[in-house]
Amino acid sequence: MNGTTALSPWLPTAPCTSGHCAAHPETAPPATTRLKAARPETARPESARPGLGLAVGRAHRPHGHGAADRVGSVRAAARLTAGLCALLLGILLAPAAGLLPAAGRLALVRHWLRAVVRAFGVHVRYEGAPAPSGGPLLVVANHVSWLDIPLIAAALPGRAVAKSEVRRWPVLGTLAALGGTLFIDRDGLRALPGTVHAMAGVLADGGRVIVFPEGSTWCGRARGRFRPAAFQAALDAGSAVQPVRIAYRPTDAAAYVGDDPLGSSLWRVVSTRRLTAVVRLAEPLPAARYPDRRALAAAAQRAVASDSANLPSLSVHQRSRSRPASASSARTPA
């Protein structure tokens with residue numbers, strides 16, 4: 001998203017940008033950079049400009065020259081090819097999988113998504129236990145990357161809520177549509193009640209819905225406030241809420257923020273050695289215990305934020321709480 005794009009003022013925003021976050025993981029910016037990060041960028045660094053592989057930060061590039069560089073590039077290309085092939089295989093097998101009983105289909109989806117993530121070179125560790133199966137569940141999580149969705153669905157398959165632009169993404173958009181994703185127009189505030197009603201309908205039928213209440217991706221060093229709208233669906237359907245926290249190491253390697261192109265994010269992921277995702281499933285929250293959606297959203301946010309051991313020290317992103325929408329992340333709906 002370029003700096004001239006006008007967004008609705010009600011849209012959630014984050015101070016995380018590809019130039020200051022994803023391109024330079026695990027590196028605390030100096031004081032002068034912190035001051036610049038609080039203002040809209042007039043020019044992006046070379047490492048953050050569009051183009052496959054150009055947003056790979058220094059911390060992710062193979063060290064050394066010659067043979068080491070070639071080995072790293074070959075490994076990254078192999079991972080990218082394997083990951084895309086695994087995704088395409090899912091598209092081809094989707095019609096046949098639809099003929100399986102529900103339990104078999106969900107098991108197949110879980111195994112397939114874990115294989116996709118692993119093919120991209122991501123090591124995953126799950127902690128905690130999900131809510132008992134068989135009942136409706138609203139799954140809510142912090143949002144860092146496009147990887148968040150397959151990581152959650154590998155443990156808790158369900159219908160995700162995503163911005164309408166995702167439908168147009170190559171390969172991933174097709175998979176999202178086949179998976180029954182509930183698409184929402186982020187620029188149309190009037191569409192939000194209809195989306196909440198659709199979510200409540202899925203939950204009332206005993207299904208699962210996956211949503212990212214921060215409404216935008218964050219770099220992993222900071223997190224946003226949980227917007228309460230989606231939690232109304234849980235209250236209307238009498239559903240439990242499953243809080244999930246996702247953390248990556250290196251912290252920003254998987255971050256998909258600001259105007260970061262999808263191709264650059266993919267290359268950064270496959271180029272990172274030993275990229276690890278930790279998915280922590282907190283205790284489910286019975287919606288009936290909370291008086292309204294704001295109280296339920298606040299409780300879910302506390303449950304996700306309680307894993308303070310995974311949070312790095314205070315950074316520019318935690319100090320900056322506002323940023324013009326044109327320079328901030330706008331990846332998923334509220």
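How many aromatic pairs does the structure hold? The structure, a predicted model, holds two. The description below starts from these pairs and then turns to the cores, the largest pocket and some individual residues.

A pair of aromatic rings is described by the distance of the centres and the angle of the planes. For Phe120 and Trp146 the centres are 5.8 Å apart and the planes stand at 80°, an edge-to-face arrangement. Phe120 belongs to the loop between α4 and β1 (122-128), while Trp146 belongs to the loop between β2 (137-141) and α5, so their pairing ties together parts that are 26 residues apart in sequence. Both partners are withdrawn from the surface: Phe120 has a relative accessible area of 1% and is buried, and Trp146, at 9%, also counts as buried. In the other pair, formed by Phe226 and Phe231, the ring centres are 6.4 Å apart; the planes meet at 25°, and because stacking requires planes under 30 degrees apart, this pair is stacked. Phe226 and Phe231 are both buried.

The two residues of the edge-to-face pair reappear in the nonpolar interior. The largest nonpolar core comprises 53 residues, and Phe120 and Trp146 are those with the most contacts inside it. Helix α9 (residues 262-271) gives the most to this core, namely five residues. The surroundings of Phe120 can be set out in detail. When neighbours within four places in sequence are left aside, Phe120 is in contact with Arg79, Leu80, Gly83, Leu84, Leu87, Trp146, Leu266, Val269 and Val270. Arg79, Leu80, Gly83, Leu84 and Leu87 fall within the range of helix α3 (67-97), and Leu266, Val269 and Val270 within that of helix α9. Apart from the largest core lies another, of 27 residues, which includes Leu192, Phe226, Ala233 and Ala234. Phe226, a member of this other core, is also a partner in the stacked pair.

These details belong to a protein with 11 helices and eight strands. Of its 334 residues, 51% count as buried. Among contacts with a separation of 6 or more, 82% are between residues 24 or more positions apart.

Where does the largest pocket draw its lining from? At least two residues each come from α3 (67-97), α4 (102-119), α5 (148-153), β3 (159-163), α6 (172-178) and β5 (208-211). Helix α4 gives the most, with seven residues. The lining consists of 46 residues, and those nearest the centre of the pocket are Val109, Leu113, Gly158, Leu175 and Gly179. In character the lining residues divide into 28 nonpolar, 14 polar and four charged. The space within the pocket is about 1200 Å³.

Strand β5, one of the elements that supply this lining, contains Arg208. Is Arg208 buried or exposed? Its relative accessibility is 17%, and because the limit for a buried residue is under 20%, Arg208 counts as buried. Beyond its neighbours within four places in sequence, Arg208 is in contact with Ser133, Leu137, Val139, Leu156, Pro157, Gly158, Arg159 and Val202. One of these, Val139, is 69 residues from Arg208 in sequence, yet the two C-alpha atoms are 7.1 Å apart. Another, Gly158, is one of the residues nearest the centre of the largest pocket.

Further along the chain, two features of the backbone deserve attention. Arg249 and Pro250 are joined by a cis peptide bond, with omega about 0°. Pro250 is placed in the loop between β6 (240-249) and α9. The loop between α9 and β7 (275-281) holds Arg274, whose phi is near 55°, a positive value in a residue other than glycine. Arg274 has a relative accessibility of 57% and counts as exposed.

The last residue to be considered is Ala299, in helix α10 (residues 293-305). Ala299 counts as buried, at 6% relative accessibility. Not counting residues up to four places away in sequence, Ala299 touches Leu285 and Tyr290. A further distance relates Ala299 to the stacked pair: its C-alpha atom is separated by 9.6 Å from that of Phe226, although the two residues are 73 residues apart along the chain.

Key. Residues are numbered from 1 along each chain as its sequence is written. This is a predicted model: local features need pLDDT of at least 70, side-chain atom pairs count only at pLDDT 80 or more; totals for chains, interfaces and linings use all residues. Side-chain values use heavy atoms; hydrogens and water are left out. On a 1 Å grid over the protein atoms alone, a cavity is a set of points where a 1.4 Å probe fits but cannot get out, and a pocket is an open set with protein on both sides within 12 Å along at least five of seven lines; lining residues have an atom within 4 Å of a point. Grid points are joined across faces, edges and corners, and a volume is the space filled by probe spheres set on the points. Helices (H or I, at least four residues) and strands (E, at least two) are DSSP runs, numbered from the N terminus. Ala, Val, Leu, Ile, Met, Phe, Trp, Tyr, Cys and Pro count as nonpolar, Asp, Glu, Lys and Arg as charged, and the others, Gly among them, as polar. Rings of Phe, Tyr and Trp (its six-membered ring) pair if their centres lie within 6.5 Å; planes under 30 degrees apart count as stacked, over 60 as edge-to-face and the rest as tilted. Buried means under 20% relative accessible area, exposed over 50%, partly exposed in between (1.4 Å probe, protein chains only). A nonpolar core is a set of buried Ala, Val, Leu, Ile, Met, Phe, Trp, Tyr and Cys residues joined through side-chain atoms within 4.5 Å. Contact means heavy atoms within 4.5 Å.
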